[in-house]
Amino acid sequence: MLVRTDLRGRTLTTAQLRAAMPRGGSDPSAVMDKVAALVQDIHKHGASAALSYGEKFDGIRPTSVRVPAAVIDAALDSTDDAVKDALNEAIRRIRMVHAAQRPDRHTVTVVPGGTVTEKWIPVGRVGLYVPGGKAVYPSSVVMNVVPAQEAGVQSLVVASPPQTDNDGWPHPTILAACALLGVEEVWAVGGAQAVALLAYGGVDTDDATVLEPVDLVTGPGNVFVTAAKRLVRGVVGIDAEAGPSEIAVLADQTANPTFVAADMVSQAEHDPLAASVLITDSEELADAVDMYIDTEAGKDVTAERINTALAGPQSGIILVDDMEQGLQVVNAYAAEHLEIHTADAATLADRVQSAGAIFVGSYSPVPLGDYAAGSNHVLPTCGSARYNAGLSTYTFLKPVHLIDYNEEALLGIADAIQTLASEEVLPAHGTSLEVRKQAAAARQQP
């Protein structure tokens, strides 16, 4: 049985609610010293160091960091047609959603002769990390590449770990997804060493191919990847520090317990540290979900991973008085993935304030979003959905203001600016306005 937390009949503060939530996860600070040494080594020695760490951690050393075009083409040719069709349909749907996110340039006339225009500039070069440890994630290629392309990024590289079964290159399905998206630059580097090499760049094994550093690193990964992203933040931008996958399900007595339990199990198979949490006001539903998990969770090839995750402190069932209290718990937990299985799912979904993505009703399960809903599956974890958003076209865009005032418009606000500059004891700021006022006055002299 999943561990139960009974909040019924209790009025809790926000702090108490957060403390009551099932939490696990991993702490990047625990591996920071080791990863810091790795990052510094790659900063100093570049590609050769990255390949050496790959040999140590992944068990193989590719002949180069950059995957040859022929290897990418061969991977696409060898991929099953059904897989290619599925990827192409996922790409089509995800591209539709992310294309619609592109913001328009707009101008505000603050005063006559004074405008502020906001335009959006794509990040120059991005590094997109795709894990390759416990599973193969071509879907993560799509989720990272499509929004970058829709933002207008002109230079991007996908990094994914070398595989012993693939002559040291990333998994063929990863390479096939890259080919379908038109990605030509792929690096056979994984883990923290990939993040470091993306941040600092280097020269490939042929001493001629320059591995250009990126401006932004995105994509999920394990605790070592997260630690490396924390260490290089500032040298480059990062999207977020990703933790283990998590699902919360808000459900009442109308929910189908088989649907709920199956979805909780599906997220548990990502990682032994993955979190699956049910929030409900129905003990009958909680009992039925427990029964399904007890009888069905051990049947898949990923059973060991699933059962470890469901038995961990990060998973459980939270009993609440009603859906109002359920919403309080949902917002305190701030799940990466939130499913709502209630009689009024759409209404409750509109009231949720903190979640990475919200899946509304019985026929919008998280695996739909993992692959082909059109939404993005790179989402905030570990409660960070309270203040952070998932990967999107916006991630790869920089809003920049163009300030354009003529003389009359500037002089109209000059006194106010000088007053504020004086208040902040920044006299040179005031002088910047004063010299312009004097120049205008001199022109008006007969």
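Which stretches of the protein chain does the domain assignment give to domain 1, domain 2 and domain 3? Keep in mind that you're looking at a predicted model. In the assignment, domain 1 covers 3-26 + 243-374, domain 2 covers 28-241 + 394-398, and domain 3 covers 407-444. So that you can picture the layout, take the C-alpha centres of domain 2 and domain 3: they lie 48 Å apart.

**The six-stranded sheet**

Now let's look at the strands. One open sheet is built from six of them, and if you walk across it you meet β1, β13, β12, β11, β14 and β15 in that order, with parallel pairing. What happens at the edges, where β1 and β15 stand? Each of these two, β1 at 4-6 and β15 at 357-360, has a single partner strand, so one side of each is left without a neighbour in the sheet. Going from one strand to the next, the twist averages 20 degrees.

Zoom in on one pairing inside this sheet. β12 (residues 275-280) runs parallel to β13 (residues 316-319), and four bridges join the two. If you want a spot to find on screen, try I279, which stands opposite I318 in β13.

**The three-stranded sheet**

There's also an open sheet of three strands, ordered β2-β3-β16, and here the pairing is antiparallel. Its edge strands are β2 (106-111) and β16 (397-405), each pairing on one side only. The twist in this sheet averages 25 degrees from one strand to the next.

β2 pairs with β3 (residues 114-122) in the antiparallel sense, over five bridges. A handy landmark is T109, which stands opposite T115 in β3.

Here are the two strand pairings next to each other:

| Strand pair | Sense | Bridges |
|---|---|---|
| β12 (residues 275-280) and β13 (residues 316-319) | parallel | four bridges |
| β2 and β3 (residues 114-122) | antiparallel | five bridges |

**An aromatic pair**

How many aromatic pairs does the count come to? The count is three aromatic pairs. One of them joins F259 and Y363, with 5.7 Å centre to centre and 75 degrees between the planes. Why is this pair called edge-to-face? Planes over 60 degrees apart count as edge-to-face, and the planes of F259 and Y363 are 75 degrees apart.

This pair links distant parts of the chain: F259 sits in helix α10 (residues 257-268), while Y363 is in the loop between β15 and α15 (366-371), 104 residues apart. Are the two residues buried or exposed? F259 is partly exposed, with a relative accessible area of 28%, whereas Y363 is exposed, at 69%.

Methods
Residues are numbered from 1 along each chain as its sequence is written. This is a predicted model: local features need pLDDT of at least 70, side-chain atom pairs count only at pLDDT 80 or more; totals for chains, interfaces and linings use all residues. Side-chain values use heavy atoms; hydrogens and water are left out. Two strands pair if DSSP finds at least two bridges between them. Axes are lines fitted to C-alpha atoms, for helices over the stretch in contact, and angles run from 0 to 180 degrees between N-to-C directions. Domain bounds come from an automatic or database domain assignment. Rings of Phe, Tyr and Trp (its six-membered ring) pair if their centres lie within 6.5 Å; planes under 30 degrees apart count as stacked, over 60 as edge-to-face and the rest as tilted. Buried means under 20% relative accessible area, exposed over 50%, partly exposed in between (1.4 Å probe, protein chains only).
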